[in-house]
Amino acid sequence: LVLISARTIMVKLQMVAGSSVQQEIQAYLRERLHRAIVGADWLFLCRKKSADLVHVLTSEVERIGTATVYALLLAGDLLVTVIYVIVAAALSAGVTIMVLGAGLLLAIILREKTKALQGVGTAMSRTNQLLYGAIISHVQSLKATKAYNAELHDREVFANLSSAVSEVRNEAARKQALSSGWFESGSFLILIAAIYVSIRVFSVGPASILILLLVFARLMPRIVAAYSHYQGIVNQLPAFSAITDLERECTEASEQLDPQGQAVQLSRLVELKNVSFSYQMGMGPVIRNVSLDIRAGQTVALVGPSGSGKSTLADIVIGLLRPDAGTVAVDGIDLTTSNIFSWRAEIGYVSQDTVLSHDTLRSNLSWARREVSEEEMWRVLGLAAAEDLVRKLPNGLDTIVGDRGAFLSHGER
């Protein structure tokens with residue numbers, strides 16, 4: 001009873017420790033990748049699909065967590081295997097060497113089948129990426145979908161992508177099962193051959209044969225399990241490539257801002273001189289040779305047709321985009337990587353797209369400045385002519401606004 005209880009406790013502790021390691025690795029990779037994404041240049045991020053970023057941050061990181069579990073199990077299998085091999089070698093070194101050599105040969109023979117799992121893992125990453133993109137796109141456009149009575153088409157598109165993901169995963173399961181089956185069958189054929197050679201060639205005594213049988217009977221399942229766990233790792237490896245590739249791209253596109261750089265505050269003038277900018281190489285500039293003075297306290301409205309560069313110009317003024325040519329200066333100080341961080345801290349920005357999270361009004365108002373007081377919140381609401389609206393809400397500042405402000409009208413947002 002004591003031994004059974006001790007074993008149970010050890011198994012449970014092992015499970016908890018394994019889960020802890022898995023979660024720590026996932027959290028580390030997720031935070032590291034998130035830091036790289038947040039630090040990337042805005043133009044680089046504009047060229048990326050947000051769904052692809054979400055996919056890597058969630059699904060691919062979780063696959064690495066799965067690979068971590070496989071790696072821990074593989075390490076345990078290898079440790080126990082080494083112990084059994086030492087015992088077997090003490091009984092018959094020749095038989096043990098033969099078994100290990102035959103096992104290595106079997107692994108080489110099945111190498112292509114194992115390699116195929118990595119290809120399936122790559123396909124899994126690709127189909128998951130498409131599915132994540134579809135999920136985000138479909139959820140964000142649910143209102144339009146219902147308004148246009150397009151639910152049937154929406155369901156068909158989603159069902160096709162979901163089926164594609166299922167097919168890839170089933171293919172991975174089939175390939176892994178087939179490869180493991182061949183390895184398991186080969187392993188036990190090796191065991192039979194080892195016992196035969198022990199008796200006929202090495203003339204191992206009956207007692208030693210029985211011990212070898214016991215050792216190999218325990219060793220072979222461990223080797224089969226180790227091979228299965230190795231297959232699992234190989235299948236998840238493409239996720240690691242996806243994470244490292246995205247992190248590398250984001251790092252290469254890093255803004256390299258200096259939080260301790262020169263302070264920039266507007267007191268006189270924001271001056272644009274001959275500013276030009278294009279989003280893609282080889283495409284014409286969105287804005288060309290624009291010069292503009294924006295004086296402190298002055299209200300400036302940019303008027304023009306869609307696509308004329310109004311939003312782009314605003315993004316250049318606040319430092320999200322850097323001009324391909326020309327300069328932007330605040331009180332005579334050119335905006336550079338050494339002072340953009342300070343300049344953005346001075347900016348109040350209301351985008352064309354309302355950014356509201358599924359949280360309270362209080363939380364949304366304090367999103368950019370966590371230290372803001374309730375008095376300041378009410379003052380800002382008053383300036384935005386929204387104070388009366390908020391005071392009439394059931395819970396005031398603590399009212400939940402819904403996903404992207406769904407519980408508010410467009411004007412209220």
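The sulfur of C46 lies 13 Å from the closest cysteine sulfur, that of C250, which is too far for a bond. This is a predicted model, and a search of the whole structure finds 0 disulfides. The points below cover the cysteines, the largest nonpolar core, the buried arginine R63 and the exposed tryptophan W367.

**Cysteines**
- C250 is in no disulfide, and its nearest cysteine sulfur, 13 Å away, belongs to C46.
- A disulfide requires two cysteine sulfur atoms within 2.5 Å, so the 13 Å between the sulfurs of C46 and C250 rules out a bond for this pair.
- C46 counts as partly exposed because its relative accessibility is 38%.
- C250 counts as buried, because its relative accessibility is 1%.

**Largest nonpolar core**
- The largest nonpolar core contains 18 residues.
- Within this core, V99, F183, F216 and M220 are the residues with the most contacts.
- At least two core residues come from each of helix 3 (50-91), helix 4 (93-109), helix 7 (151-200) and helix 8 (206-252).
- Helix 8 supplies the largest share of the core, with 7 residues.
- Apart from neighbours within four places in sequence, V99 is in contact with I190, A194, F216 and M220.
- F216 and M220 thus appear both among the contacts of V99 and among the residues with the most contacts inside the core.
- In soluble globular proteins, nonpolar side chains tend to be buried together.

**R63, a buried arginine**
- R63 is found in helix 3, one of the helices that supply at least two residues of the largest nonpolar core.
- R63 counts as buried because its relative accessible area, 7%, falls under the 20% limit.
- The R63 side chain makes a polar contact with the side chain of S125, at 2.6 Å.
- Leaving out neighbours within four places in sequence, the residues in contact with R63 are G121, M124, S125, N235, Q236 and A239.
- S125 is therefore listed among the contacts of R63 as well as being its polar partner, while R63 itself is buried at 7%.

**W367, an exposed tryptophan**
- W367 sits in the loop between helix 11 (361-365) and helix 12 (374-383).
- W367 counts as exposed because its relative accessibility, 62%, is over 50%.
- W367 and L356 are 11 residues apart along the chain, and their C-alpha atoms are separated by 9.6 Å.

Methods: Residues numbered from 1 in each chain as written. Predicted model: local features only at pLDDT ≥ 70, side-chain atom pairs only at ≥ 80, totals over all residues. Heavy atoms only, no water. Core = buried A, V, L, I, M, F, W, Y, C linked by side-chain atoms within 4.5 Å. Buried < 20%, exposed > 50% of the residue type's maximum accessible area, 1.4 Å probe, protein only. Helix = DSSP H or I, 4+ residues; strand = E, 2+ residues; numbered from the N terminus. Contact = heavy atoms within 4.5 Å. Polar contact = N/O pair within 3.5 Å; in protein donor to acceptor, adjacent residues only side chain to side chain.
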